[in-house]
Each structure stands twice: as C-alpha cells, then as structure tokens.
Amino acid sequence: MAAKPRTSTSVQEKARLGITALQAGDFRTAKLAFSEAVQADKRHPGLRFNLAMVEEGLGEIDAAARELCEALRLKPQMIEAARRLALIARRYVLDQPEALEPFGIKAALAFDELDRQPLVDLALRHLAGRPQLAPLLERVRSGDADGAARDLAGKRTGDLLRNDLFLAALEQGVVADPDVERLLTAVRRLVLLDLPDERLQDRALFAFLSVLEAQTALNEHVWAESEAERGALASLRLDAAALSAGNVDAAFQLLKGLLYRRLDQLDIGGLDADAAAGVRPKALAATVTSRLRVAAEEKALEAALPRLTPVTDPTSVRVAGQYQAHPYPRWASVQRPQAGSLRRALARYFAEERLSFMDQPFDVLIAGTGTGHQAALAQLAYGGMARVLGVDISRPSLAYARRKANELALSGLELAEADILALPETGRRFEVVEAIGVLHHMADPFAGWRALRSVLKPGGIMLVGLYSATSRRNIKALREEPGYPGAGASDALARDYRAALMARGEGKPGVELMRSRDFYALSDFRDLVLHEHEVHMTLDDIERFLAENGLAFRGFTLTPHVFEHFRMHYKDDAWPGSFANWRHMEETHTSLFDGMYQFWCEATG
C-alpha cells in the first residue's frame with residue numbers, strides 16, 4: 001500500500017497524483033509522478049518507498065531495491081521498506097546488488113519480525129561486488145584461499161573483517177555462497193593452526209572471530225576440516241576452572257574450539273551457566289551462558305511435551321532418530337505476514353465461500369512440523385481464529401519449536417508428539433491440514449496421506465508437499481554411488497562427503513546441490529542428501545490418489561513467472577491446469593519441482 005508523505009505543496013500534488021495512478025493500476029504515470037516527487041525531495045523515505053512499489057510493479061526490480069535501501073538509509077526504523085526488501089531478496093536475483101546502499105541492507109537486517117536469510121544472501125551478493133570482498137573471492141576461485149585468509153587476518157585485521165554489513169550478515173543467517181564459505185573456512189583454519197594467541201588480543205580480530213563463531217553455530221559446523229585441524233582440536237586443553245576465573249588464554253582456546261564444535265561436544269566438564277559468567281571477555285561469556293541456558297530450557301520443554309500417540313512404525317522410529325539427533329531446520333527468524341494476507345492468497349485456489357470457515361474459530365493441523373517454522377508461520381498467517389496443532393515424531397525438534405514459539409509469544413500454538421498413522425485414533429478433526437515434506441519420509445506415503453485425509457473435515461482444505469521423482473533423480477544417483485556415506489553417517493563423514501561434492505568439477509553429479517539452501521547447514525544437508533528414508537512420487541501417483549480419495553486438485557504453489565509460462569504454452573487450459581500439461585511441462589523443465597510438488601487440494605465428499 002502506498003504511503004502518504006508529508007512534504008511541500010508541489011511535492012504533495014505529485015505524490016497524490018502518483019497514489020491515484022497507482023491505485024488505478026497506471027504504473028507508468030505513477031512512476032513519473034513519484035520520480036518527480038523524489039527529485040524535489042530526495043530525503044523523504046515515504047516517497048522513495050512509493051517509487052519502489054511502482055518500480056516493482058513494472059518489473060524494475062533492481063531500481064525498486066535501490067529505492068527501498070535509500071528509504072531505510074533515511075529512516076532505519078521503516079519496517080514496511082525492510083519487509084518489502086526482504087520479499088524482493090527472496091523472490092529475485094538482482095543484476096546489480098553492489099549498487100545498493102549498504103546501510104539500508106544493514107538496517108533491514110536489524111528487524112526481528114523478518115525472515116533475515118534472504119537479506120543475508122543479498123548482503124553477501126552486494127559485498128561480493130565491492131572492493132573489500134571481490135578481489136578476495138577472485139583469489140579463492142584461483143585456488144589461493146589460504147593466501148587471502150593470511151592477508152585478512154595474519155598480521156593485521158583486514159577491512160572486510162571490520163565491515164559492519166559483513167559482520168551483521170554472518171551473525172544473522174547462514175552463508176550460502178561457496179566462495180565466501182571457502183574464504184571463511186581458510187580464515188578459521190589459519191586461526192586454529194597458525195596464529196599465535198597474541199593475535200587474538202587484537203580487539204577487531206576477536207570481535208570478528210566472535211561473529212564467525214556465531215556463523216559456525218548457525219551452520220552447525222558443516223564446513224570442511226583437514227586432518228591437521230582435527231588433530232589440533234583434539235589437542236586443545238579446555239580448563240573450566242581457568243575459564244570461570246576469567247583467564248583470557250583459556251578463553252582463546254575455548255573460542256577456537258567453538259569455531260568447530262558445539263559446546264556440548266567439547267571436553268570441558270564442570271562449566272555450567274553460573275561458572276561461565278566468569279569467562280572473559282564478557283562477549284564470550286554471554287555466548288556460552290546463553291547456549292547453556294537454551295540447552296537447559298529445551299531439555300525442560302522436551303520433558304513437558306504431550307504425547308498424542310506413540311511412534312511405533314519401524315521406519316518412523318528410524319526417521320525420528322535422525323531428527324532427534326539433528327533437529328531440522330534450525331531457523332532463527334520468521335517473516336511476520338500482514339493481517340489477512342493468507343486468506344487473500346488462498347483466494348487464488350478456493351472460492352470465497354469455501355473459505356468462510358475462517359470467519360469463526362477453526363482447527364489447523366501441521367503434520368510433521370519439525371522445529372516449528374511452518375507451525376509458527378501458520379499461527380501468524382491464519383490469524384486469531386485459528387487453533388493450530390503441530391505434531392512431529394521428534395521430541396527435540398518439538399522442544400526447539402516450543403522455545404521459538406515462546407520467543408514469538410505464540411502461546412496458543414499447540415505442539416505434541418504424534419505419529420501421523422495414529423492421528424485418526426485421537427478423534428480430532430481439522431478444517432485445514434498442512435503436510436509439507438513429511439509424507440515422503442514414511443514407509444508408505446499414501447497410507448500417511450490417507451490418515452490425514454481421514455482427519456480432514458468435510459469440505460476441508462489440504463496443503464501437501466511430496467518429492468518429485470523427476471527432480472530427485474540426482475539424489476537417487478548419488479545414493480547409488482560407491483562413495484555414498486549413507487544415512488546415519490557421522491558428522492565427520494557428512495562433512496567430508498559434502499566437501500567432496502563441493503570439489504567436483506562443474507557439471508559433475510552433485511555439484512548442482514550447491515544451489516540449494518539446504519546444502520549450507522549440517523542438519524539441512526542430512527535432510528537433503530543423507531536421509532534415513534525417502535520415497536519419490538510422480539504426477540500420475542498424485543492424480544490417482546486425489547481421484548481415489550475424494551480430493552480435488554486446486555493448484556501448485558509456484559512463483560508467478562512459472563504460472564505465466566504455463567499459461568503461455570497451454571492457453572486453453574484453465575486454472576489450475578491439467579495434470580497432463582503439468583507432466584509435459586515437468587518433462588521439458590526437469591527442475592520445475594526441485595523443492596517438491598507442493599499444492600492445495602480440497603475434500604469433495
């Protein structure tokens with residue numbers, strides 16, 4: 001929605017003209033009016049925000065992002081601009097991210113109400129085109145990552161390691177750029193193997209390493225390690241008494257360990273939250289005490305979780321074991337949707353009368369909720385009338401979900417342990433069921449889907465996500481290779497296998513996985529490549545199941561440009577499109593459903 005700026009009379013007239021044109025859908029006139037208003041009053045954030053909205057509507061995405069960053073530079077607390085920038089960063093790859101105002105990106109990263117990961121990606125792409133980072137990445141690509149790391153942190157602390165936007169990006173989200181990862185891995189290796197502890201007394205370097213430690217915690221220490229690094233880690237001597245007494249040399253050893261391992265994986269018995277408060281520097285003490293308290297909180301939350309049904313299916317038990325050891329995904333933030341946005345989005349798939357149940361209290365089931373990101377988003381997006389229940393077979397994952405829900409003040413979100421197959425026995429029924437990314441990990445996905453169908457109320461709606469056999473051909477091929485480490489591989493084997501995939505030449509099997517966000521954190525990588533059990537589907541399978549179980553297909557959840565492409569090639573095929581044509585489109589665009597088939601359907605009987 002356009003903002004109503006306060007400024008001089010002539011500028012107000014141009015702004016009013018722009019708003020009127022925008023409301024009428026006349027983006028060209030609106031752009032001209034807002035552009036003239038911005039030229040007349042360059043320091044007005046509202047005008048720049050309105051111009052950005054118009055430019056986005058015209059498909060001028062880079063220009064829109066530039067105006068949003070300028071608006072945030074002028075008014076850092078402008079959450080509307082930050083939200084829009086985050087959405088643009090999630091939906092598009094900019095042609096010239098280096099041209100953005102860096103302070104605007106950093107301002108957007110400060111909002112807890114946003115999904116910050118797309119902004120982290122944007123920040124790193126911006127910096128990759130700037131003088132502080134671009135030459136270093138060229139050296140990484142030429143095979144000189146170690147030399148670039150020495151120049152950054154060897155004798156002095158380089159400007160990049162002091163860059164506010166770089167530090168904010170590392171602290172707020174996972175690095176999903178392989179070249180940046182290689183550079184940071186080399187810096188970490190340098191610190192552990194070669195730097196004298198005296199260098200860590202450099203405040204700027206220590207501050208950077210504290211942020212780097214936060215990054216390795218976010219990615220769950222997924223980066224490659226050499227044998228020399230593993231040997232040095234094994235040689236670290238961590239003294240709880242010295243740490244609690246404020247010994248700085250002991251703290252340096254702890255920081256080195258935390259760059260590679262979780263706190264509970266280090267040999268440091270006797271360091272509880274009270275003792276850790278004595279660690280110096282204070283910033284490290286804050287990190288350690290926070291981690292210890294979060295672990296204790298999640299343990300208590302796990303013990304208090306209700307169990308709706310037992311988990312007895314052998315495949316479910318194996319899969320539960322994976323997610324108990326590696327809860328997935330470990331999310332940090334969620335994009336708070338605007339009130340009513342989900343109902344407006346659902347209007348694309350369902351007639352308004354089918355959504356009238358949302359006018360009064362209604363029940364939503366999130367099946368396979370994992371760490372609760374989907375359930376938290378559902379509670380926010382469906383609004384105050386929704387009673388959301390998230391179920392999963394992993395209690396540690398649910399404990400993580402409960403902690404994050406508490407942080408977001410989602411006290412009404414219900415979370416419980418349950419097996420999908422046993423849900424019909426609970427007697428509970430739901431107007432909405434969401435099952436994204438869970439059915440294909442069951443021994444019989446269709447048995448699980450039938451169980452969910454049976455708990456759907458008459459006329460209820462369902463969101464389903466299933467692995468595509470076409471798009472998972474690459475994963476199937478990797479699982480059949482002799483060097484595949486297998487589900488249940490140790491962390492060390494998982495890291496080594498991932499590093500081997502990264503080292504393969506362009507065009508080799510598995511290299512394409514670096515385009516997936518799930519490649520860049522350890523539990524995510526396990527879910528992507530090393531899963532205990534997965535079943536792949538075809539569109540024929542889905543079409544047949546829908547017909548046999550009284551469900552009507554209402555459309556895939558894909559980006560607008562995919563739908564435009566579909567309409568262009570199948571002009572006579574009305575929404576939501578026939579499975580025959582979607583099959584043909586997938587055959588010609590094999591990565592179309594790379595994430596999974598994700599679609600809405602509704603009960604017809």
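This report walks through two nonpolar cores, two helix pairs and one buried residue in a predicted model.

**The cores**

A good place to start is the largest nonpolar core, which has 109 residues. Those with the most contacts inside this core are Leu72, Leu85, Phe166, Leu184, Phe208, Leu254 and Val529. Among the helices, α11 (residues 178-193) gives the most to this core, contributing 8 residues. To get a feel for the surroundings of one member, look at Leu72: leaving out residues up to four places away in sequence, Leu72 touches Met78, Ala81, Ala82, Leu85, Phe103, Gly104, Ala107, Ala108 and Phe111. There is also a second, separate core of 43 residues, and Leu452, Phe553, Phe593 and Tyr597 are included in that one. In soluble globular proteins, nonpolar side chains tend to be buried together.

**Two helix pairs**

Next, here are two pairs of helices to find on the screen.

| Helix pair | Axes come within | Crossing angle |
|---|---|---|
| α11 (residues 178-193) and α12 (residues 203-218) | 12 Å | roughly 120 degrees |
| α26 (residues 539-548) and α28 (residues 579-588) | 10 Å | roughly 165 degrees |

The axes of α11 and α12 cross at roughly 120 degrees, which makes α11 oblique to α12. The crossing of α11 past α12 is left-handed. On the α11 side, the contact is made by Leu184, Val187, Arg188 and Val191, while α12 brings Phe208, Leu209, Leu212 and Thr216. Sorted by class, the residues of this contact are 6 nonpolar, 1 polar and 1 charged. Two of the names may look familiar: Leu184 and Phe208 are listed among the residues with the most contacts inside the largest core.

For the other pair, the axes of α26 and α28 cross at roughly 165 degrees, so α26 is roughly antiparallel to α28. Here α26 passes α28 in a right-handed crossing. From α26, Leu539, Asp540, Ile542, Glu543 and Leu546 meet Phe579, Trp582, Arg583 and Glu586 of α28. The residues of this contact divide into 5 nonpolar, no polar and 4 charged.

**A residue in a strand**

Finally, turn to Val388, which has its place in strand β2 (residues 386-392). Is Val388 buried or exposed? Val388 is buried, because its relative accessible area is 2%, and buried means under 20%. Setting aside neighbours within four places in sequence, Val388 is in contact with Val364, Ile366, Ala375, Ala378, Gln379, Gly412, Leu413 and Glu414. As for distance, the C-alpha atoms of Val388 and Asp115 are separated by 21 Å, and these two residues are 273 residues apart along the chain.

Conventions. Residues numbered from 1 in each chain as written. Predicted model: local features only at pLDDT ≥ 70, side-chain atom pairs only at ≥ 80, totals over all residues. Heavy atoms only, no water. Axes fitted to C-alpha atoms, helices over the stretch in contact; angles between N-to-C directions. Helix = DSSP H or I, 4+ residues; strand = E, 2+ residues; numbered from the N terminus. Parallel < 35°, antiparallel > 145°, perpendicular 65-115°, else oblique. Left-handed = near helix turned anticlockwise from the far one by under 90°. Contact = heavy atoms within 4.5 Å. Nonpolar A, V, L, I, M, F, W, Y, C, P; charged D, E, K, R; others polar. Core = buried A, V, L, I, M, F, W, Y, C linked by side-chain atoms within 4.5 Å. Buried < 20%, exposed > 50% of the residue type's maximum accessible area, 1.4 Å probe, protein only.
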